[in-house]
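Biologist: Please take a close look at one part of this model for me. Then follow it outward and tell me what you find.

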There are 2 protein chains.
Amino acid sequence: MARRLAILAGAGALPVALAKAQPEALRIVFDGVAHDLPAPVEPHRFEALGGLFEALERAGVADVVLAGSMSRPPLDPERFDPLMRDLAPRLLAAMQGGDDALLRLVISLFEERGFKVLGAHEVLPDLVCGGGLIGGPTPSAQAETDASRGADILLALSPLDIGQACVVAAGLCLGIETLQGTDALLRFVADTPAALRRGRGVLVKAPKRGQDLRIDMPAIGPETVHGAARAGLEGIVIAAGRVLVLERAATLAALRDTGLFLQAKVL
Amino acid sequence: MARRLAILAGAGALPVALAKAQPEALRIVFDGVAHDLPAPVEPHRFEALGGLFEALERAGVADVVLAGSMSRPPLDPERFDPLMRDLAPRLLAAMQGGDDALLRLVISLFEERGFKVLGAHEVLPDLVCGGGLIGGPTPSAQAETDASRGADILLALSPLDIGQACVVAAGLCLGIETLQGTDALLRFVADTPAALRRGRGVLVKAPKRGQDLRIDMPAIGPETVHGAARAGLEGIVIAAGRVLVLERAATLAALRDTGLFLQAKVL
């Protein structure tokens, strides 16, 4: 019997792509967390993690993949099941750190229970790109220089559990991604007064060094391309093999529509 | 005869405070650069740096202080005087770097010509604060922890010539200052969806490590306090002795009005 997969789904196109590629997979969604999965989905609550574990075990699930964006929903301690009550001190400690600390804890909890936690790129390897130009025109020399400075910025922030994206234009850093995500970063850059800008610039996106790619793997899609275009950028540079490209066809179409480039580089 | 000072003024309250403290100082402003100085001011053009040097020398100026915010005005090479034409290669090289590279060049040019370049805090020492609570309530323990994480973030970015401010709330980084400045950072933080936030947070402001404080010294004022309040923050932490507090009385009044704290710490 094949190992059964469960997709623990947040919002966005990634869980949908995974569900399409793995039609036998169990689709788990969470109360208070938006998702875009078609039925059948099985709703659970974060407060009842013990119940989720038991349901997965009853369904014969051996592998799980966490996919899609999950804004941290408020947890109601009144509704904690016994497992969650036991975990409360570890949860509290992890919540003091960045997002990664919390996600690392979630992975550990599944592993301690005996599940194997996969990355989306392990379930569907087509989601990542090797090095090279993926679409659009050849990047300018300035874009190459800016991408290199952007990679340096992300590397410097990496030990602090921040920064999977930044924007550099003609040597000037116009924005660094924080909790609010890439779309908010691009809106911020789009609002930069023209007098402060000295060139078009690039969005650089890469996972933190040493990041567990099974959680919070950086991703781009057509909306990223359109956001970068609205921010006046020349293109997007992603870390080869370590950034998901969602909705590939629509992303390529967005590159054609906007004239932006998308390049994967070893960062 | 006393050494004469020239204030090279951009926008904001700092040049005004310096001119008030040093009424004999020459007040230099620049075409295309906003300023708030009362008359008498002497207008110059960046394109005619040689002419500025000669005017300062004729007026008996020995010391200069650069003060106020100057957004980079577009330079018109057609109007360059001979000195600026000679400097063009160095200017071009410096403009590829961050703001600091350009400002370091400007300082060098004045020094090579024989002027002494002072920091605003050397002209008016009351502008900076020693360690301690400057105004408002005692910071919470969480604010202390957040300030420490903010200082770590600024330190990591320091070698890259970015980041004189950031916002951390309950361990989560909500924003890092880039070219657009502190007010833009605070507006970005104010727009953070409430669901993503886990605490009030602090604005941390400090110069880059090893930064020449005669240029681009970080500053706060009443508008910073109001911006931080609109961003929902608990208070502001500045590096003791290395961040200017402009309009002290109005800043203290803003702290009283908003209930925020302002603390200087050795960062």
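Modeller: Start with helix α8 of chain A, residues 222–230. Its buried residues are Pro222(A), Thr224(A), Val225(A), Gly227(A) and Ala228(A). Buried means under 20% relative accessible area with a 1.4 Å probe, protein chains only. Helices are DSSP runs of H or I, at least four residues, and strands are runs of E, at least two, numbered from the N terminus.

This is a predicted model, where local features need pLDDT of at least 70, side-chain atom pairs need 80 or more, and totals for chains, interfaces and linings use all residues. Residues count from 1 along each chain, chains are lettered from A and ligands numbered from 1 as written, and side-chain values use heavy atoms, without hydrogens and water.

What covers those buried residues? The cover includes α7, β9, β10, β11 and α9 of chain A. After α8(A) comes Gly232(A), with a positive phi near 80 degrees.

Now follow α7 outward. Along with α3, α6 and β8 of chain A, α7 supplies at least two residues of the side that touches chain B. The largest share, 6 residues, comes from α6(A). That side divides into 18 nonpolar, 10 polar and 6 charged residues.

On the whole interface, 34 residues of chain A contact 33 of chain B (heavy atoms within 4.5 Å). The two chains bury about 2,800 Å² between them, 64% of it on carbon and sulfur atoms. In chain A, Leu179(A), Gln180(A) and Phe188(A) lose the most area to chain B, together 21% of what that side buries.

Conventions
Buried means under 20% relative accessible area, exposed over 50%, partly exposed in between (1.4 Å probe, protein chains only). Buried area is the accessible area (1.4 Å probe) that two parts lose on being put together, summed over both. Ala, Val, Leu, Ile, Met, Phe, Trp, Tyr, Cys and Pro count as nonpolar, Asp, Glu, Lys and Arg as charged, and the others, Gly among them, as polar.
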